[in-house]
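Thanks for making time this morning. I have one structure to show, and I will go from the whole chain down to a few residues.

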Amino acid sequence: MAAIGGSNYWEDLRKQARQLENELDLKLVSFSKLCTSYSGSRDGRRGETSDTTPLLNNSTQDRMFDTMSVEIEQLLAKLTAVNDKMAEYTNTPGTASLNAALMHTLQRHRDILQDYTHEFHKTKGNFLAIREREDLLGSVRKDIDGSGVNNRRTELFLKEHEHLRNIAMATKENMTSQRGMLKSIQSRVNTLANRFPAINSLIQRINLRKRRDSLILGAVIGVCTILLLLYAFH
């Protein structure tokens, strides 16, 4: 640390920062391609063929994703440490005359670190979201494939239910129509009876005769039933 006040120390820190930034840039490009190919391979497994479908299976890609995530996180941590050392150097006595230029350079490296960190977390979040969604879809497809018979039974049940529902609705509409028709006829008969007393009297006599005939018929049936019972027990 003897050279901490000299320009060589600052240039060494800048060299380390640029090297880490270059490594991060390459890693993030590969990381983004990995996430894109992971999604593409999932689409290929669902029956979509493509010339760009990767040869790696998803288990291999999952391992590569975990490995690259750790590597990128380590590089980001190293770059953060270098930036912190650069910030400490700008506060070193004797650098006041160069402080404006040093702070400008430091801010540029901080911006690059922030951009790389944001890009990494965004790409990682998209990858995890795709993997979670596809795992869920795969589970659903397995359930569907394993319960094809139940699905067919359910489909038949739903069709039968819809058929019975249509019959019930048609019957209800028919009964409603007949009820309305009978009410209309009764209303017309009552209107005619009120307008023409003779018709009203005739209707009353018809109803009276119907009731009398019903009473007579009931009495005859009752007598016949009693006679049959008496005959049967003797």
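I will start with the overall layout, then take a buried glutamate, a threonine and the aromatic rings. Please keep in mind that this is a predicted model.

First, the chain as a whole. There are 5 helices and 0 strands, so written from the N terminus the order of elements is α-α-α-α-α. The chain has 234 residues, and 21% of them count as buried. The exposed area is about 17,500 Å², with 59% of that supplied by carbon and sulfur atoms. As for contacts, take those between residues at least 6 apart in sequence: 75% of them join residues at least 24 apart.

Now the glutamate. Glu21 sits in helix α1, which covers residues 7-45. What does a buried Glu21 have in the way of a salt bridge? It has none: the nearest side chain of opposite charge belongs to Arg108, and that is 5.6 Å away. The cut-off for a salt bridge is 4 Å, so this pair does not qualify. What the side chain of Glu21 does have is a polar contact with the side chain of His109, at 2.7 Å. If we set aside neighbours within four places in sequence, Glu21 is in contact with Leu79, Ile112 and Tyr116 as well as His109.

Next, the threonine. Thr105 is in helix α3, residues 99-146. Is Thr105 buried or exposed? Its relative accessibility is 12%, and the limit for buried is under 20%, so Thr105 counts as buried. Leaving out residues up to four places away in sequence, Thr105 touches Trp10, Arg14 and Met86.

Last, the aromatic rings. The count comes to 5 aromatic pairs. One of them is Tyr9 with Tyr89: the ring centres are 5.9 Å apart and the planes are at 45 degrees, so the pair is classed as tilted. Which parts of the chain does this pair tie together? Tyr9 belongs to helix α1 and Tyr89 to helix α2, residues 58-90, so the pair links parts that are 80 residues apart in sequence. Tyr9 and Tyr89 are both buried. Elsewhere on the list of rings, Phe31, Phe65, Phe120 and Phe127 are linked by ring pairs into a cluster.

To recap the glutamate, since it is the one I would look at again on the screen: Glu21 is buried without a salt bridge, and its side chain has a polar contact with that of His109. That is all I have.

Note on methods:
Residues numbered from 1 in each chain as written. Predicted model: local features only at pLDDT ≥ 70, side-chain atom pairs only at ≥ 80, totals over all residues. Heavy atoms only, no water. Helix = DSSP H or I, 4+ residues; strand = E, 2+ residues; numbered from the N terminus. Buried < 20%, exposed > 50% of the residue type's maximum accessible area, 1.4 Å probe, protein only. Lys, Arg positive; Asp, Glu negative; His and termini not counted. Polar contact = N/O pair within 3.5 Å; in protein donor to acceptor, adjacent residues only side chain to side chain. Contact = heavy atoms within 4.5 Å. Phe/Tyr/Trp six-rings, centres within 6.5 Å; stacked < 30°, edge-to-face > 60°. Areas by Shrake-Rupley, 256 points an atom, 1.4 Å probe, with all protein chains shown as cover.
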